[in-house]
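Work through these short exercises with the structure open. Try each task before reading its solution.

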Amino acid sequence: MHHDVTLIAMLAIGFVFAFVFGYIADRLRLPPLVGYLIAGVMMGPFTPGFVADAGLASELSEMGVILLMFGVGLHFSAADLLAVRGVAVPGAVGQILLATLLGIGMCLSWGWSLGAGIVVGLSLSVASTVVLLKALEERNMVDTANGRVAVGWLIVEDLAMVLALVLLPAFAGVLGGHESAGAAGHGAAGDTQPILLTIAITLGKVAAFAALAITLGPKVVPWILARVARTGSRELFTLSVLAIALGIAYGSAAVFGVSFALGAFFAGVVLSESHFSHRAAADSLPLQDAFSVLFFISVGMLFDPSILIREPDAVLGVLALIIVGKGVIAFGIVLALGYPVSTGLMVSAGLAQIGEFSFILLALGISYGLMPPEGRDLVLAGSILSIILNPAVFFVTGMLQKRFAPVPGKPFFGEKRFHALEKELARNKARGEEREHARKLEIEELIKTFPMLSLIDEHDQDSLLLLFRPKSASPGQRVIRKGDRGDAMYFISSGAVEVQVGDHRIPLKAGAIFGEMALLSGERRTADVTAVDFCQFQVLDRRDFNQFMTRHPALRAAIDRMATERRAMNRAETA
């Protein structure tokens, strides 16, 4: 070939391998993601055969993380985040600190430095939101109270890792690594002000981004999507959703120093308060699935299987810390905060793996000389194995949840806090359902008033609702004047009008439409229309009328027939 097809080759072979190994994994009653990881190993530099571009795969996998986190935000409102803050914030912070201490102790026992221990400990302390979401989705547990706690916990972990990624270069010199240019001179014991300033700036940026997203976003984003939805173009709406998700993700990283994943999550949270959230989720779901597969492939590509032979004891130690150590810590913290055993088991299962932030921390630690390269292989081995074993961990915790399930009618530990959390989450869900129900009632009432609109499907009925412009008229007010240019079609929601054709007056009541003939023919208005009662109209402008009727020929044909009948009736009455 005369041109570079690296991207096409990687995508083609990656998707084929992922499909084949994912199908095999499913036939063996294993989660498909196990097959995706194996596909990545087969495409990596440590196995014979095709070797994909690791840098390209990593960037594409980041797309998967962005889209997946955007999808989470669409179903996870700001109110839900606030509802779980009592357990997610102290739990995640405490678990990170204790798990990092375990990692430091393990690395010191291997003869590694304190800096290496901190990097490895932090890498092992944070779990993958992508893996957790896949596990929760497979078990239909994303919307449960325990599922919300687990997701909120990991969101707090992601926020903590943003701070860690900023501070690690500043402390590199103190911890025995290569001191960064920006951190030069900051490691002295008496010179803590620059580091404190760095912490303050980082926290300020994250807070500013969150405040901007939550206050300004719900006003701007739905407004943009409403304008796009008015065009009636499905591909343009899908493109606008992707532009918002990727644009906010990239902008948050470039301006505020927030990770792509967190930026995308907040973009979803912003959009979740809009009635466009369900449509946005449906449009972005296929891309989420496709690119999330690339995430697991990219993880598999980094794995060197020989580490299992070279350092089996160290791999087992890392794996034990990820699955057992973090699980016990999280379980204890949840119980200490007064929440029930079921919540502790769910969080423990969700944390029993590591993912995307771990790899970023590892790369940063190696670049600053804080840890040896074999540390990356050990952590990657722990990541691959923990992800593969995560379904088994969820199965075991599910059995334990059944074993320790509360007896109906009897109080259980953490009952008060758990029920309070459930009630708050239920109230948040009810508010969202009320908004959606009100929207559906509005559409149903519209179809009941104008049966002709039942000719279009539910999706396009919602689009038509966006196109309508409300208008009112008082008794005696002229709505349409004979000889004017046809600029709109009118749907009478309530009240009555009178159409004057020559000497004849034709009454029209709620449920009728008028003004369509001039739009269809392009001629000027042929009759006066006057309100004879207090009227409410839904008005469809000429441009919107033409676009909508072009996409719905059945509705156009019905309106054409009605207009033909009216012309014939008008000619008969004026003859």
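**Exercise 1.** Find how many bridges join strand E4 to strand E7, and in which direction the two run.

Solution. This is a predicted model. Locate strand E4 at residues 496–501 and strand E7 at residues 528–531. Four bridges join them. The two strands run antiparallel. Now look at Val499: Val529 in E7 stands opposite.

**Exercise 2.** Place E4 and E7 in their sheet, and state which strands stand at the edges.

Solution. The sheet is open and has four strands. Their order is E2-E7-E4-E5, with antiparallel pairing. Strand E2 (478–480) and strand E5 (504–509) each have a single partner strand, so they stand at the edges, with one side of each left without a neighbour in the sheet. On average, neighbouring strands here are turned by 30° against each other, direction ignored.

**Exercise 3.** Trace the open sheet that contains E1 and E8, then find the helix that lies across E8.

Solution. Four strands follow the order E1-E8-E3-E6, and the pairing is antiparallel. At the edges are strand E1 (469–473) and strand E6 (513–514), each pairing on one side only. Five bridges join E1 to strand E8 (residues 535–541). Ala473 has Cys535 in E8 as its bridge partner. Helix H22 (residues 542–551) lies across strand E3 (488–494) and E8. The helix runs at about 65° to E8.

**Exercise 4.** Decide whether Tyr23 is buried, partly exposed or exposed.

Solution. Find Tyr23 in helix H1 (residues 6–27). Its relative accessible area is 48%. Buried means under 20% and exposed means over 50%. Tyr23 is therefore partly exposed. Tyr23 belongs to a nonpolar surface patch, whose members include Phe19 and Leu30. Together the patch residues have about 680 Å² of accessible area.

Methods. Residues numbered from 1 in each chain as written. Predicted model: local features only at pLDDT ≥ 70, side-chain atom pairs only at ≥ 80, totals over all residues. Heavy atoms only, no water. Patch = residues over 30% accessible without salt bridge, like charges linked within 9 Å, V, L, I, M, F, W, Y side chains within 5 Å. Areas by Shrake-Rupley, 256 points an atom, 1.4 Å probe, with all protein chains shown as cover. Salt bridge = Lys/Arg side-chain N within 4 Å of Asp/Glu carboxyl O. Buried < 20%, exposed > 50% of the residue type's maximum accessible area, 1.4 Å probe, protein only. Pairing = 2+ DSSP bridges. Contact = heavy atoms within 4.5 Å. Axes fitted to C-alpha atoms, helices over the stretch in contact; angles between N-to-C directions.
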